[in-house]
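Me: Please take a close look at one part of this model for me. I would like the surface beside the DNA strand, and then a pair of packed helices.

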There are 2 protein chains.
Amino acid sequence: MDIRALANHLNISIGTVSRALNNRVGVNPSTRKRVLDAAMTLGYVANQSGRSLRRGATNTIGFVIETGEPATTSGDNFFFIVVDAMNGVLAEKGYDLVILPCHSADDPVEFLQRAIARGTVDALVITATRQQDRRIALLAESGVPFVAFGRSETPGTYPWIDFDFEGVARRSVAALSEVGHRRIAVALPNTDAAFGAHFKRGYLEGLEAAGIPRDDLLVLCMESSEAGGFEFGRKIAAMQPRPTAVLISSGIATVGFYGALRNAGLHPGHDVSIVVFRENPQIRFLQPTPACFQADLPELGQALAGMVVDLLRGESATAHERSIIWPMTFLPGNSILPPPGDEAAPVSGATPH
Amino acid sequence: MDIRALANHLNISIGTVSRALNNRVGVNPSTRKRVLDAAMTLGYVANQSGRSLRRGATNTIGFVIETGEPATTSGDNFFFIVVDAMNGVLAEKGYDLVILPCHSADDPVEFLQRAIARGTVDALVITATRQQDRRIALLAESGVPFVAFGRSETPGTYPWIDFDFEGVARRSVAALSEVGHRRIAVALPNTDAAFGAHFKRGYLEGLEAAGIPRDDLLVLCMESSEAGGFEFGRKIAAMQPRPTAVLISSGIATVGFYGALRNAGLHPGHDVSIVVFRENPQIRFLQPTPACFQADLPELGQALAGMVVDLLRGESATAHERSIIWPMTFLPGNSILPPPGDEAAPVSGATPH
DNA sequence: CTCACTGCCGCAAACGTTTACGAAGGGTTA
DNA sequence: TAACCCTTCGTAAACGTTTGCGGCAGTGAG
């Protein structure tokens, strides 16, 4: 089903057919209707290769993920929720969204380079940003519009959205210190994922605000997986003196953490208070329910898509320097109690300083 | 960076450049090396639109998912593991893999129709097959090669791979009846997902093999989600007489099921024995560990990719009628005990007939 | 009646690539 | 030396689409 076949079938020229299908001016309304009807009944859809070759644009947005990383998992269909929301607003604007999976054995930078050069997408969304991320420089010099889902230390002005890791960690420490905790451990990612630094900073700020001296023995690294959480729980259970509370930067690790604590004869939430970075459907059914933070993922996806569209339409000149630290709301759960053996201690007003 | 620019830079014609880059015969080895080197240093990559327009093929495989469905979640990065493995073998054969996310508000059939007509992919992998799936007829008549991840009742010969739902359900019932269970409930999906029928058939076969009369009150439907598992657990806990064992067709629902049982004052594995369809990283850390079945997902992905390649290369004439029921291995776990109040009963040889 | 203008449409040139075909040049054989 | 083959490369035509340009009616004004 060619545009030529369609034009022959209607006894008009392919130019007119094209103009009719693309809502260009200068085509008789009745002709346009004839064309649209015929296209519908014959099932004609413009060939993408021909179109994008001529237009120099593909009307396609690429969402890059790394399928090897355990980070692609979050206990919920995290990426799919975001992608679904993006897809909704992009479709309205006439764009298609495809997910480009970078193979685990491939270098993400080379993968991106090839994706750019092949010209199958007009813009890109990159995820799983590193503290130092060469992809950003690559994208900047290539000129392909892009939005980062996650910050990076790499300099340059580009639009990004990132969770409020710092705020979450700070508020977590505050919530724990308020009920008396002073030995608060934190599980940071064991990779160079950008969020690790932010989470740590928030944790330290929280300690300082609560007047708790920093103890580097309480800053641990953890693989962002169920097994990583299990290992983290083992370590926590074995520490002397044991921390009375923990911050877990990965929701998915929480199930493993609970399991390790129970294996050690400890009760999550009672012997060790827990705050988890981000809510997910799994942990909602753990007993006790972990305190955690929640983000509006669909709205986040819409915001990402909006950034992409602004970049492509070039309407706002400052679109490339927009950035959002995504707000998160606190869900108390049942996993925060005063430290064990501290029941008699005053709950508030006791923090010196 | 054009092919013309590259040719000018080398003072040769674009035809030769193209032949050199595509490993065609009839180009001097030294010339070929010059071309490849220049392409490497200048970062030239053939424009995909031009190439696929001329070739009539895109060298791209589309993996279709539905981002709205909770089925895209399985407690692990299920799809990503499969996609990653596929990507590995497809890359070797010179194909790219992209994921095409069907928006939750869109009709999957129309989405597929557009994807086919636009011609951005040479072959498709469809997932989440329904018992009656119009996409299969659509693909068949469109002539686009495709592989289904999941069976369907829709007639026609096409290659597919599917988990051994029937065998798993049958073996689950066998494992439970062996230790004395006779009131065994099953949680089927509440959608028209194709696997529901197979799981049910295996369940019924298992009952018959064990000489247990069928009781339709024990056949329940469940949303394949954590919340669905919670609801299922609530129902089980409230039943009179209560089932002594359950089969759960969705791994992701297990966390919720455990939570509901605990809420009702019941001990998972003791008061109600449990077998889960497919293992995932989450349930591995539940206490007690659920008995479940395991599939080699990377190998499955490789098999899917192999089918796609065979279809495209057209080497084996029977490629379109190949199909695999994917084998699964049993992981006993700690969630199967004899029925409560049945400790004295003989463990085997007691099933009448 | 002439002229200008407008609305509508056809023509043909691109977009970047691949590939069939032919030409040029050197080497071999008769 | 002529005839021929082989290797290597240049030329140009496609692939399907969009779009600038020009043409052809029809209409209104002068």
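Reply: Start with a definition: Ala, Val, Leu, Ile, Met, Phe, Trp, Tyr, Cys and Pro count as nonpolar, Asp, Glu, Lys and Arg as charged, and the others, Gly among them, as polar. The model is predicted.

By these classes, the surface near DNA strand D has 11 polar, nine nonpolar and seven charged residues. In all, 27 residues surround the strand. The closest are A:Ile3, A:Gly15 and A:Gly50, along with B:Ser13 and B:Gly15. Both chains contribute elements that give two or more residues to this surface. Chain A brings α1 (3-10), α2 (14-21) and α4 (48-55). Chain B brings α2 (14-21) and α4 (48-55).

How do the two chains relate? A rotation of 180° with 0.0 Å of shift along its axis lays chain B over chain A, with an RMSD of 0.1 Å. That is the relation of a two-fold axis. The copies meet through the same surface, because 100% of the interface residues of chain B are also interface residues in chain A.

Now the helix pair. Two packed helices are described by the angle between their axes and the distance between the axes. In chain B, α5 (residues 78-92) and α12 (residues 297-313) pack at about 50°, with axes 7 Å apart. That angle makes α5(B) oblique to α12(B). The crossing is right-handed. On the α5(B) side, the contact includes B:Ile81, B:Val82 and B:Leu90. On the α12(B) side, B:Leu297, B:Leu300 and B:Leu304 are among them. The residues of this contact divide into 12 nonpolar, three polar and one charged.

Definitions and conventions. Residues numbered from 1 in each chain as written. Chains lettered and ligands numbered in written order. Predicted model: local features only at pLDDT ≥ 70, side-chain atom pairs only at ≥ 80, totals over all residues. Least-squares fit on C-alpha atoms with pLDDT ≥ 70 in both. Contact = placed C-beta atoms within 7 Å. Near = placed C-beta within 6 Å. Helix = DSSP H or I, 4+ residues; strand = E, 2+ residues; numbered from the N terminus. Axes fitted to C-alpha atoms, helices over the stretch in contact; angles between N-to-C directions. Parallel < 35°, antiparallel > 145°, perpendicular 65-115°, else oblique. Left-handed = near helix turned anticlockwise from the far one by under 90°.
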